[in-house]
Amino acid sequence: MPATATRTRVPAVLARGAVLAWGAAVAHPFLLLTALRTGPYRSAGLRLFLAAVAVGLTLPLARRNPLAALGLLLAGVFAAATTRPEAVLLYLPLLAADALVGRIAALHPLKILLPTALVTLAVQIASATYTTSGQDVFVSTITALALALLTAGLLGRSVRERRDHAAELRAATTAEAVAAERLRIARELHDVIAHSIGVIAIQAGVGRRVIETQPAEARNALATIETTSRETLAGLRRTLGALRGADGGGRPAPRDPAPGLADLERLAASTADAGVRVELRHLGNPDVSLPPEVDLAAYRIVQEALTNVVRHAATPTCRVTVERRTGTLLVEIADDGRGTPPGAALTGGYGLLGMRERAELLGGSLTAGPRPGGGFDVTALLPLPHQVPLPEGAPNP
């Protein structure tokens, strides 16, 4: 069946359903009056059954428009009460009216609920004047009607409050998830771009200074800029493709493996191109695999710390130590550069904040500050949830 025909048919079906619901509810008062007068010898069982059928006619409209359904139900109750039937025959319609008040309490605000409840109670009290005798019985009946109506209203309000609270929790959870995802994206983009831009800036400065006197050195600087730029663009395409979920042709975006400690040699080479030689040290048990999230976080921390060394340390060398301890991965980046003056506030920027966030998200910690003998030190402790030996022949990160 064409989609247009399906869309046309759905409203028609809904319209017919609404007409049937209204027709059944409008027939309710008449059927209830008939039910209270029918049956051989006015059989109580038959009249109760027909009264239940009459109340059931209001259910389809109660789902669509509980206020209208309540009005028709109360009209039927009052009309039936004027015939002075046995009180037991009105119990079910009265309970149905209370249930509708509870539904209205769950769907509508107090400015609609309160007048609706007062009108309902007034009609119920007026109906009780025809089915009770004696002041004590009348007072007890009114008390019972008021308590039943109050209970229904409170239950409806409780349902409304729980639903509103659940909606607020969902909204808060969604907002937190969006904020966390935006922070993760910002952190990834910063890590992808910051190091490469630092290398490009330094090489561009070198090329500008030596282009007249040392053309070969200038060409090397330009080659480094080209290589670094291409790598950065490729990383950005992978990141943005993963965010979009598809490439330009509508195909799923490629899922390249995330960088890890196995890529530190390449990172050290690019840092050397920027003028800082990196001494790598791997300590501890190399035959222990790292969880992917720990491997990525450790690499990003080293990457950002090396970027800061290139930008701010003014030193030709630095040391990177990766030590796999029992249950903990230690990553330390130390240099002998100018560091920060003693007593100066270590405010840092997005890079330092991002490193600390990465460590804390994994339950670890990160400290950064000037070294006693001069220079700067960044130390991260990342917990290892479990240690799994690498299979034989697998490369060690």
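The paragraphs below walk through a predicted model, beginning with its five-stranded sheet and ending with a surface patch on helix 1.

The sheet is open, contains five strands in the order 1-3-4-6-5, and has mixed pairing. Strand 1 and strand 5 (365-370) sit at the edges with a single partner strand each, so one side of each has no neighbour in the sheet. On average, neighbouring strands of this sheet are turned by 10° against each other, direction ignored. In general, the strands of a sheet pair through backbone hydrogen bonds, in either a parallel or an antiparallel way.

The order can be followed from the edge at strand 1. Strand 1, residues 277-284, pairs with strand 3, residues 317-325, in the parallel sense, and eight bridges connect them. Within this pairing, L283 has E323 of strand 3 as its bridge partner.

On the next step, strand 3 is joined to strand 4 (residues 328-335) by eight bridges, and the two run antiparallel. Two positions illustrate the register: V320 stands opposite I333 of strand 4, and R324 stands opposite L329 of strand 4. Strand 3 and strand 4 also form a hairpin, with two residues between them. In that turn, G327 has a positive phi of about 80°.

Strand 4 in turn runs antiparallel to strand 6, again with eight bridges joining the two. V331 has A380 in strand 6 as its bridge partner. How much of strand 6 is buried? Six of its eight residues are, so strand 6 is largely enclosed by the rest of the structure.

The last pairing brings in the edge strand 5, which is joined to strand 6 by six bridges and runs antiparallel to it. Here the bridge partner of A368 is V378 in strand 6. These two strands make a hairpin as well, with five residues between them, and G374 in the turn has a positive phi of about 110°.

Helices pack against this sheet. Helix 9, residues 264-273, lies across strand 1 and strand 3 and runs at about 160° to strand 1. Helix 10 (residues 292-313) packs on the sheet too, touching strand 1, strand 3, strand 4, strand 5 and strand 6 (376-383). The direction of helix 10 makes about 10° with that of strand 4.

Between helix 9 and strand 1 there is a loop that holds A274. Is A274 buried or exposed? At 8% relative accessibility, A274 counts as buried, because the cut-off for that class is under 20%. Leaving aside neighbours within four places in sequence, A274 is in contact with V199, I202, Q203 and V310. A274 is also 68 residues from V206 in sequence, while their C-alpha atoms are 9.3 Å apart in space.

The final stop is on the surface. W22, V26 and F30 form a nonpolar patch there, and together they have about 320 Å² of accessible area. W22 belongs to helix 1, which spans residues 3-37. With a relative accessible area of 40%, W22 is classed as partly exposed, because this value falls between the 20% limit for buried and the 50% limit for exposed.

Technical notes:
Residues numbered from 1 in each chain as written. Predicted model: local features only at pLDDT ≥ 70, side-chain atom pairs only at ≥ 80, totals over all residues. Heavy atoms only, no water. Patch = residues over 30% accessible without salt bridge, like charges linked within 9 Å, V, L, I, M, F, W, Y side chains within 5 Å. Areas by Shrake-Rupley, 256 points an atom, 1.4 Å probe, with all protein chains shown as cover. Salt bridge = Lys/Arg side-chain N within 4 Å of Asp/Glu carboxyl O. Helix = DSSP H or I, 4+ residues; strand = E, 2+ residues; numbered from the N terminus. Buried < 20%, exposed > 50% of the residue type's maximum accessible area, 1.4 Å probe, protein only. Pairing = 2+ DSSP bridges. Axes fitted to C-alpha atoms, helices over the stretch in contact; angles between N-to-C directions. Contact = heavy atoms within 4.5 Å.
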